[in-house]
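Open your viewer, switch to a cartoon view, and keep the selection box handy. We will go from stop to stop, with something to select at each one.

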Amino acid sequence: MSASGTLTRRLAAQIITSVAKEGRSLNELLNQEFPKLSAKDIAFLKQLCFGVIRYYDSLNAIYQQWVNKSLKAKDSDVKNLLLVGIYQLLYLRTPEHAAINSTVNAATALKKPWAKGFINGTLRNVLRQLSEAQALAHSQSNHPTWLQNLLQKQYPETFTQIFEQNNRPAPMAIRVNTRKITPSEYGDLLRAENIDFRMAEVGQSGIILEHPIDVTHLPGFRDGLCSVQDVSAQQCAELLDLSPGLRVLDACAAPGGKTGHIAELCDNNVSLVALEKDAKRIGKIDDNLSRLNLQAQVICDDATQTQSWWNGQTFDRILLDVPCSATGVIRRHPDIKLLRKAEDIAQLVEQQKAILSRCWPMLEPGGLLLYSTCSLLQQENQQQIAEFLSCHTDAESQILHIGEHQGDKFGLSIQPGTHDMDGFFYALLKKCKSE
């Protein structure tokens, strides 16, 4: 059995434990260097981590059904190593001997050799009763109870489809930089590299790859011909009705994808302010703009603390892609199901309300403000907009259309999987001119 296979499974167990027990971000953990692993091993490590977290409820249900041994809190890595093994048996085509033996040997790599027999026996027991385990796994929604209940209440007709879409890996989408190349011309570059793709069903410049690839393999990526961005996020800049010469604020800008898109659509002829309060993420905005050869004034500050950064000059357009529960992008970030808690929602709603109310005075009469989230929850979306409209008589809601989908005066909600999009919400508000 290969040493790299054992190491990969040991690392997977440790990373999953850091997410489930310590609340750390899966992407952050996977973005570190793994010098002892090949590119193939790293791809398998990511597959294990994303898969176990995506189906954590199903795997945990099987664990509870077949495990009689009570583990100490300090041995949660052993439990998660066992889940790695069960995941391979249920969801991957990993040969049975490799799935079991490498997982068992990984217990020694965790410096817990006492767990080898326990893991071996449990995995072989699950294997003997595989059909029963598969049925049990299929019965789980793989969503935390609080979120499952909310989605069932708010989407009584489609919540099962939402669960299904959230439990599928998201496709890799790219946005073509139409300042430099048309989507059709970029499609020719992809064909030349034998990269399978299809054009996005909505929007002006989106392309969906049939299989995800490393961004460095995208034709012209380093030269700014394209950016990686979900089709749902691509709609934000397009809905703002942009044109050259406008003064635009992107108030929650990191990592800069929407900032770059705004500049692209204005042919880089725009007075663009990109605001981000997280100093650690400012560099990502600069990197994106540099790669695309675009300009913006990047400011590290809080959108609600306007007195510290705003010079009093109003904006023609404002994009508020506000911090949210991210419940619409679970298929892309499955660790949200472990990291997000029910008590987070009220705090997020207050934060969103503060950003919206403080940024509204900065909008020029006749200007447009787009409020967006990657959330499915009505508290953060329609209810937020309804309350804002009730308190601001100078705000006029615009009816939005994306594809065949039409919103109402409280915005437009897109469910995950629709036109290959992540779950997203948009509300476009126009400031009425004083008479």
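How accessible is D267, and does that count as buried, partly exposed or exposed? Select D267 and turn on the surface: at 48% relative accessibility, D267 counts as partly exposed. One thing to keep in mind along the way is that this is a predicted model.

**Stop 1: backbone oddities**

Stay with D267 for a moment. D267 is found in the loop between helix 13 and strand 6 (271–276). Look at its backbone: D267 is not a glycine, yet its phi is positive, at about 55°.

Now jump to N194, in the loop that runs between helix 11 (183–192) and strand 2. Here too you will find a positive phi, about 60°, on a residue that is not a glycine. N194 counts as exposed because its relative accessibility is 69%, and the cut-off for exposed is over 50%.

Next, select A254 and P255 and show the peptide bond between them. This bond is cis, with omega near 5°. P255 sits in the loop between strand 5 (247–250) and helix 13 (257–265).

**Stop 2: a four-stranded sheet**

Colour strands 1 to 4 and look at how they are arranged. They make an open sheet with the order 2-3-1-4 and antiparallel pairing. Strand 2 and strand 4 (226–228) are the edge strands, each pairing on one side only. If you look across the sheet, neighbouring strands are turned against each other by 30° on average, direction ignored.

Walk through the pairings one by one:

- Select residues 197–199, which are strand 2: three bridges join strand 2 to strand 3, and the two run antiparallel. For a landmark, find R198, whose bridge partner in strand 3 is I208.
- Select residues 172–176, strand 1: four bridges pair strand 1 with strand 3 in the antiparallel sense. Here R175 has G206 as its bridge partner in strand 3.
- Move on to strand 1 and strand 4, which pair in the antiparallel sense over three bridges. V176 stands opposite C226 in strand 4.

Before leaving, follow the chain from strand 2 into strand 3. The two form a hairpin with six residues between them, and G203 in the turn has a positive phi of about 90°.

Which residues of strand 3 are buried on each of its sides? In a regular strand the side chains alternate between the two faces of the sheet. Select residues 206–209: G206 and I208 are on one side, I207 and L209 are on the other, and all of them are buried, leaving both faces of strand 3 covered.

**Stop 3: strand 9**

Select residues 363–373. Eight of the 11 residues of strand 9 are buried, so this strand is largely enclosed by the rest of the structure. Add residues 315–321, and you will see strand 8 pairing with strand 9 in the parallel sense over six bridges. Then add residues 424–431: strand 14 pairs with strand 9 in the antiparallel sense over six bridges.

A good residue to centre on is L370. It is the bridge partner of L319, and in strand 14 the bridge partner of L370 is L428.

**Stop 4: helix 10 and N166**

Select residues 159–166 and show side chains. In helix 10, I162, F163 and N166 are buried. They cover an arc of only 100° around the axis, which puts them on the same side of helix 10. What covers the buried residues of this helix includes helix 3 (39–54) and helix 9 (145–154).

Zoom in on N166, which is buried with a relative accessible area of 0%. Which residues does N166 contact, leaving aside its neighbours within four places in sequence? Display R54, H143, T327, I330, R331 and P416: these are its contacts.

**Stop 5: the cysteines**

Finally, how many disulfides does a search of the whole structure find? The search finds zero. Select C252 and C359 to see one case: the sulfur of C252 is 6.9 Å from that of C359, its closest cysteine sulfur, which is too far for a bond. C252 is buried, with a relative accessible area of 14%.

Then select C266, which is in no disulfide either; the nearest cysteine sulfur, that of C236, is 15 Å away. C266 is also buried, with a relative accessible area of 0%.

Notes. Residues are numbered from 1 along each chain as its sequence is written. This is a predicted model: local features need pLDDT of at least 70, side-chain atom pairs count only at pLDDT 80 or more; totals for chains, interfaces and linings use all residues. Side-chain values use heavy atoms; hydrogens and water are left out. Buried means under 20% relative accessible area, exposed over 50%, partly exposed in between (1.4 Å probe, protein chains only). Two strands pair if DSSP finds at least two bridges between them. Contact means heavy atoms within 4.5 Å. A disulfide is a pair of cysteine sulfur atoms within 2.5 Å. The arc is that of the directions from the helix axis to the C-beta atoms. Axes are lines fitted to C-alpha atoms, for helices over the stretch in contact, and angles run from 0 to 180 degrees between N-to-C directions.
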